[in-house]
Structure formats: C-alpha cells, structure tokens
Amino acid sequence: MAARRRAQLDLSRRLLNVCLAALCRGGCLARAESVLVDAIRLGLPPDVVTYNTLLAAHCRAEGLDAGLAVVHRMRDAGVRPDAVTYNSLIAGASRRGLPMRALDLFDEMLRSGVAPDAWSYNALMHCLFRSGHPEDAYRVFADMAEKGVAPCATTYNTLLDGLFRAGHATNAYRMFRYLQRVGLPMGIVTYNTMINGLCRSGKVGYARMVLKELGRTEHAPNAVTYTTVMKCCFRYGRFEQGLETFLSLLEGGYISDAFPYCTVISALVKKGRMQEANIYCELMIQSGSRLDNACYNTLIYLRCQEGKLDDAFELLNMMEEGGLESDEYTFSILVNGLCKIGQIEAAEKQLWYMEMRGMQSNVVAYNSLIDALCKSQEVDAAIRLLHTMKLKDDFTYTSLVHGLCKVGRYHMASKFLRICLHEGNNVLASAKRAVISGLRSAGFKNDVRKVRSALYMARLLRS
C-alpha cells in the first residue's frame with residue numbers, strides 16, 4: 001500500500017513538474033507559482049526538479065537575485081540544491097555580465113559538496129569569456145580536465161567562441177583543426193561558431209573554406225551559416241560573393257524571414273545600385289515575410305536615397321498603421337533624407353517630433369542637421385542646435401568646425417575644436433588643418449599656440 005502511494009506521489013510530482021515547465025516556457029511565472037501553492041496545499045511537496053524549473057525561469061525573466069530567492073525557498077522546504085541549481089544561477093550571472101558573482105556561486109557549489117558537471121564549467125567559461133576574462137576561462141578549462149570532467153561539444157564551442165572574442169582567431173582555427181584530427185564529432189553549431197568568428201576577425205577566405213567543408217559533411221548549412229557569411233562579405237567589400245551567398249540561401253530554401261533581404265537591400269543601396277535594390281524589395285514583399293521595424297527602415301532608407309521622400313513618409317504611415325512604432329533609426333533616416341534635399345525646416349520638425357515621443361538623444365539625426373546647416377552657411381543655427389544636444393561625437397564637431405572655417409570664423413572654430421578635445425572627442429585631420437591655416441592667415445598667432453597645445457595634450461591623454 002505504501003509503495004503504491006509513493007508511486008502515485010511520484011507520478012503526480014512528475015505531472016506537476018511538466019505543468020510548471022510548460023507555464024514557465026510560456027512566460028506565465030505568476031500562474032506557475034500559483035499552481036505550486038495549490039500543489040503544496042493538496043499535500044504534494046515539490047522536489048529539486050520543481051524548484052530548478054522555477055529558478056531557471058526567474059533568472060531569465062527577473063535576474064539573478066530572483067533566482068537566489070528561489071534557492072532560499074528550496075532550503076526552507078528542506079530541498080538540497082544540486083548541480084542543475086547552481087548551473088542555472090551561474091547562467092543567470094552570465095546573462096547579467098556578473099563574472100565575480102558567477103565565480104562566487106561556483107565556489108559555493110564546491111563548498112556545499114555539489115560536484116560540478118560539464119555544464120557548470122561551460123556556463124562559467126562562457127561568462128568569463130563574455131566578460132573579457134579569457135585567462136580565467138582558460139584556468140577553468142584546465143581545472144575541468146584536472147578534475148576528470150569530460151568536455152562535451154558545447155565546451156569546445158565555448159572555447160572556440162571565447163578565443164575569437166579574445167582576438168586569438170589563429171589559435172581558434174588551430175584548435176578547430178586539432179578537434180578534426182582527433183576525430184571529435186563536429187556539429188552545425190561548431191561550424192557556425194567558426195564561420196562567425198572568422199568573419200568577425202576579417203578572415204573571409206578562411207570562413208568560405210570552412211563553409212565549403214561544411215557542405216561536404218552530413219550537416220546542411222542553415223540560415224545562420226549563410227547570413228553570417230553574407231554579412232561578412234558585404235562588410236569587407238566582397239560584394240559579388242555576398243550576393244552569391246544570398247542566392248544560395250534563396251535556392252536552398254533557407255530564408256524564413258525578411259532579415260537576409262534587408263541585408264542585401266542595404267548593401268545595394270550603399271553601392272548606389274538602386275534598381276537592383278528595388279528588385280530585391282519586390283522579392284521580399286512577394287515572399288510573404290512579415291515586415292518588422294528593420295524591414296520598414298530599410299525600405300524608407302532606399303526611398304530617401306532615391307530622393308523619394310513622399311514614398312518614404314507613405315511607408316512610415318504604413319508602418320505605424322500596421323502597429324509598429326518608428327524608432328530612432330527611422331528618424332535618423334528621415335532627417336538625413338530631408339537634409340539632403342535642403343528641407344531643413346522639415347528636418348527640424350522631425351527632430352522635434354522625435355523629442356516629443358520621448359526618445360533618447362539621437363546623435364546621428366542631430367549630426368545630419370548640423371552638417372546641413374553648416375553647408376547652408378547657417379552656422380549660428382548649428383551652434384544653437386549643438387548646445388541643445390545631450391551627446392556629441394567626433395562628427396558633430398567636425399561638421400561645425402568645417403562650417404565655421406568656410407565662413408571665415410576661425411577664432412570660433414578654434415574655440416569649438418578645443419572644447420571637442422577637452423571632452424575627449426576628436427575631429428578629422430582636415431578640420432584641424434583648416435583651423436590652423438585659417439588662424440595663421442588671419443594673424444591669430446596666440447590662438448594657433450592654444451590649438452597646438454590642446455592637440456598635444458589630447459595626444460598625450462590618448463597614448
């Protein structure tokens with residue numbers, strides 16, 4: 001009778017855990033907690049799996065402290081944390097970029113007598129690599145080998161990704177070749193990690209070589225693989241290879257959303273190949289892919305580059321009528337487009353509208369307007385606009401300094417150049433030369449000395 005009762009209790013608890021896992025996956029944390037309370041009231045005590053399910057969900061949704069609160073509840077209920085508990089906590093610390101907390105949790109795990117498994121080490125290494133502590137991550141891997149914990153495919157993928165992030169692309173490539181030689185199984189994630197890392201490191205040729213090797217394995221390249229290579233080709237000027245990669249995506253039926261189309265359209269627009277960009281726009285719309293903010297921004301950018309501002313604003317209306325909200329990038333595109341055709345007042349209205357929407361300071365949009373004002377010789381208006389900006393960068397000051405030099409206001413230009421350097425920004429070399437040359441020709445020898453001194457101090461601070 002007792003055995004039957006235990007079997008029923010175990011079955012009920014397994015069903016409870018399945019139910020909680022489903023609710024947590026669906027983001028219904030409050031409902032999951034309510035179900036747990038009902039189960040306890042009905043005499044069904046939760047086990048470590050129950051608490052681990054809730055802990056992982058709380059860490060993902062609310063952060064590490066929420067996960068630690070679940071651990072306190074576990075201990076109060078007499079349930080001892082296990083390796084899965086600590087793995088979830090370390091992963092939670094990793095997501096929040098807290099390497100010291102992750103190390104503390106790993107130490108606590110050891111002190112509690114809980115033996116770390118491969119996933120414990122993987123989570124800790126991932127956190128340390130992502131937080132910029134590669135040497136500590138290597139030591140964790142060495143400790144893993146010393147303790148006799150067998151690494152898995154995820155361990156090697158974490159190491160490869162970490163080596164790339166630490167700037168050791170050559171070492172990552174050598175490790176990849178070593179893993180191949182010793183016959184360790186290579187999955188699609190490993191190949192994607194290698195291709196992505198090589199692309200980020202500018203080694204496009206090696207990335208394409210690994211892609212070809214992948215094509216000869218039992219693993220089919222997926223959308224992540226092709227999209228990574230395509231973006232890399234465009235970034236490093238291998239335009240035709242990027243288009244070939246996109247066509248491979250298209251022919252292989254790997255395109256499940258509009259993102260690859262947007263990547264190609266943006267690249268074509270930057271190359272000035274508007275006709276082809278429009279063809280790919282039509283293909284994207286015909287594909288039936290759902291258009292998100294990035295898609296609409298890409299289309300608006302294309303219309304602005306073509307000078308078709310009416311079409312751009314029509315797309316903006318379609319975007320907002322479809323329930324999507326314009327973002328800072330949308331306003332940057334529109335302001336830049338309006339400035340290019342000399343519609344400065346309309347550009348100012350867009351900036352005002354952006355501020356009314358409560359968006360953060362949009363440096364790109366402000367820079368476009370300052371540049372347009374300076375080109376129209378409205379430098380006083382540009383100065384007033386600069387004073388309203390919360391954030392400024394190199395381009396802000398470069399545009400203003402150039403604009404002031406063009407109207408012969410060299411003394412004012414030197415003043416803003418010094419302010420720029422004092423704030424830790426810089427301007428293009430051509431702007432510096434224009435200021436010094438202008439001051440000399442105007443006879444402002446004292447100002448020349450001040451500018452040279454400011455430039456020298458800025459170089460010392462950067463070195």
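In this report a helix is a DSSP run of at least four residues, and helices are numbered from the N terminus. With that in mind, the model described here, which is a predicted one, can be read helix by helix, beginning with a pair of side chains in helix α9.

## A network of salt bridges around Asp 161

Arg 165 and Asp 161 both belong to helix α9, which covers residues 153–165, and they stand four residues apart, about one turn of the helix. Their side chains meet in a salt bridge, with a distance of 3.0 Å from N to O. The two partners are covered to unlike degrees: Asp 161 counts as buried because its relative accessibility is 15%, which is under the 20% limit for that class, whereas Arg 165, with a relative accessible area of 40%, is partly exposed.

Asp 161 also takes part in a salt bridge with Arg 200, where the distance from N to O is 3.8 Å. Arg 200 lies in helix α11 (residues 188–200) and Asp 161 in helix α9, so this pair ties together parts of the protein that are 39 residues apart in sequence. Like Arg 165, which is partly exposed, Arg 200 falls in the partly exposed class, its relative accessible area being 36%. Seen together, Arg 130, Asp 161, Arg 165 and Arg 200 are linked in a network of salt bridges.

In general, side chains of opposite charge can pair when their charged atoms come close. The structure holds 17 salt bridges, and another of them is formed by Asp 65 and Arg 101, whose closest N and O atoms are 3.6 Å apart. This pair links distant parts of the chain, since Asp 65 is in helix α4 (residues 64–76) and Arg 101 is in helix α6 (residues 99–111), 36 residues apart. Asp 65 counts as exposed at 57% relative accessibility, while Arg 101 is partly exposed at 33%.

The three salt bridges described above are set side by side here.

| Acidic partner | Basic partner | N to O distance |
|---|---|---|
| Asp 161 | Arg 165 | 3.0 Å |
| Asp 161 | Arg 200 | 3.8 Å |
| Asp 65 | Arg 101 | 3.6 Å |

## Helix α6 and a neighbour along the chain

Helix α6, the element that holds Arg 101, is also the place of Leu 103. Leu 103 counts as partly exposed, at 25% relative accessibility. The C-alpha atoms of Leu 103 and Leu 124 are separated by 7.3 Å, although these residues are 21 residues apart along the chain.

## The overall form

The protein has 26 helices and zero strands. Its radius of gyration is 29 Å, well over the 23 Å that the globule rule gives for 463 residues, so the protein is more spread out than a compact globule. Along its principal axes, the C-alpha trace spans about 100 × 55 × 55 Å. Of the 463 residues, 46% count as buried.

## Patches on the surface

Two surface patches can be described, one nonpolar and one charged. The nonpolar patch, of about 300 Å², is made by Leu 247, Leu 250, Ile 279 and Leu 283. The elements that give two or more residues to this nonpolar patch are α14 (239–251) and α16 (274–286). Leu 247, which lies in helix α14, counts as partly exposed at 34% relative accessibility.

The charged patch is positive, and it is where Arg 440, Arg 452, Arg 459 and Arg 462 gather on the surface. Helix α26 (residues 445–462) gives the largest share of this positive patch, namely three residues. Arg 452 is found in helix α26, and it counts as partly exposed because its relative accessibility is 41%.

## A loop residue with a positive phi

One residue of the loops deserves a separate mention. Most residues other than glycine have a negative phi. Gln 377, however, has a positive phi of about 65 degrees although it is not a glycine. Gln 377 is found in the loop between α21 (363–375) and α22 (379–388), and with a relative accessible area of 56% it is exposed, because the exposed class begins over 50%.

Methods
Residues are numbered from 1 along each chain as its sequence is written. This is a predicted model: local features need pLDDT of at least 70, side-chain atom pairs count only at pLDDT 80 or more; totals for chains, interfaces and linings use all residues. Side-chain values use heavy atoms; hydrogens and water are left out. Patches are made of residues with over 30% relative accessible area and no salt bridge: like charges are joined within 9 Å, nonpolar side chains (Val, Leu, Ile, Met, Phe, Trp, Tyr) within 5 Å. Accessible areas come from the Shrake-Rupley method with a 1.4 Å probe; for residues, only the protein chains shown count as cover. A salt bridge is a side-chain nitrogen of Lys or Arg within 4 Å of a carboxyl oxygen of Asp or Glu. Lys and Arg count as positive and Asp and Glu as negative; His and the chain ends are not counted. The place of a charge is taken as NZ of Lys, CZ of Arg, CG of Asp or CD of Glu. Buried means under 20% relative accessible area, exposed over 50%, partly exposed in between (1.4 Å probe, protein chains only). The radius of gyration is taken over C-alpha atoms; the globule rule is 2.2 Å times the number of residues to the power 0.38.
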